[in-house]
Amino acid sequence: MRYDAVSGNPQASFLYITEPLPAGANPVGKLTSNGLVDLLAIDDNRLLSLERAFSLETGITIRIFEISLEKGDRIEALESLQSRLSEVSPAQKRLLLDLETLKIPLDNIEGLTFGPALADASRGLILVSDNNFSPLQETQILGFQIKVQKTS
């Protein structure tokens, strides 16, 4: 849902489809979690999304996507998507980073925000997790340097 920053009122809604559980996850009767945990606006039509999945079989999967709303259908006028899902064009996604490729221990990553503008015109991107007050989990702060391309 996109909001008007001045009024705080909703402006438009779009369909976003999360990735399925990773291959090897067996959700029948087992602990699993999968979903969109954060969105970060790049501009009026582009966002970064943070998706996280967990299963006992596959562990934690964390991915960052670039989302484009330009070709996504607005859905705020639809009463329900249930019978019309195949008719609606969702927001488009492009995988930017699967954090598994970093080969570092990952925990409950659940937030992202831009860091400072850097001297070379790139931006910082910060990811954060908390330990849920559990001695079995870690608090993590991961920092990245990214280049945000302007759209014309």
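Glutamate 66 turns out to be buried in this predicted model, because its relative accessibility is just 15% and the cut-off for buried is under 20%. Its salt-bridge partner is arginine 46, and the N to O distance between the two side chains is 3.2 Å. Glutamate 66 belongs to strand E5 (residues 59-68) and arginine 46 to strand E4 (residues 46-55), so the bridge ties together parts that sit 20 residues apart in sequence. Arginine 46 is tucked away as well: with a relative accessible area of 10%, this residue counts as buried.

Strand E4 supplies another charged residue to look at. Arginine 52 pairs up with glutamate 110 in a salt bridge, and their closest N and O atoms are 3.5 Å apart. This time the partner of strand E4 is strand E7 (residues 109-117), which holds glutamate 110, so the parts being tied together are 58 residues apart in sequence. What about burial here? Arginine 52 has a relative accessible area of 17% and is therefore buried, whereas glutamate 110, at 28% relative accessibility, is partly exposed.

A further salt bridge links arginine 84 with glutamate 87, with 3.1 Å between the closest N and O atoms. Arginine 84 is partly exposed, its relative accessibility being 35%. Some bridges also share partners: Asp43, Arg46, Glu66 and Arg94 are joined in this way into one network. Over the whole structure, the search turns up nine salt bridges.

Now for the protein as a whole. How many helices and strands does it have? The count is zero helices and nine strands, so reading from the N terminus simply gives β-β-β-β-β-β-β-β-β. The C-alpha trace spans about 50 × 45 × 25 Å along its principal axes. Among contacts with a separation of 6 or more, 48% are between residues 24 or more positions apart.

As for burial overall, 32% of the 152 residues are buried. The accessible surface adds up to about 9,900 Å², and carbon and sulfur atoms account for 53% of that area. On the charge side, the protein carries 14 positive and 20 negative charges, and the mean positions of these two groups lie 5 Å apart.

Notes:
Residues are numbered from 1 along each chain as its sequence is written. This is a predicted model: local features need pLDDT of at least 70, side-chain atom pairs count only at pLDDT 80 or more; totals for chains, interfaces and linings use all residues. Side-chain values use heavy atoms; hydrogens and water are left out. Helices (H or I, at least four residues) and strands (E, at least two) are DSSP runs, numbered from the N terminus. Buried means under 20% relative accessible area, exposed over 50%, partly exposed in between (1.4 Å probe, protein chains only). Contact means heavy atoms within 4.5 Å. Accessible areas come from the Shrake-Rupley method with a 1.4 Å probe; for residues, only the protein chains shown count as cover. Lys and Arg count as positive and Asp and Glu as negative; His and the chain ends are not counted. The place of a charge is taken as NZ of Lys, CZ of Arg, CG of Asp or CD of Glu. A salt bridge is a side-chain nitrogen of Lys or Arg within 4 Å of a carboxyl oxygen of Asp or Glu.
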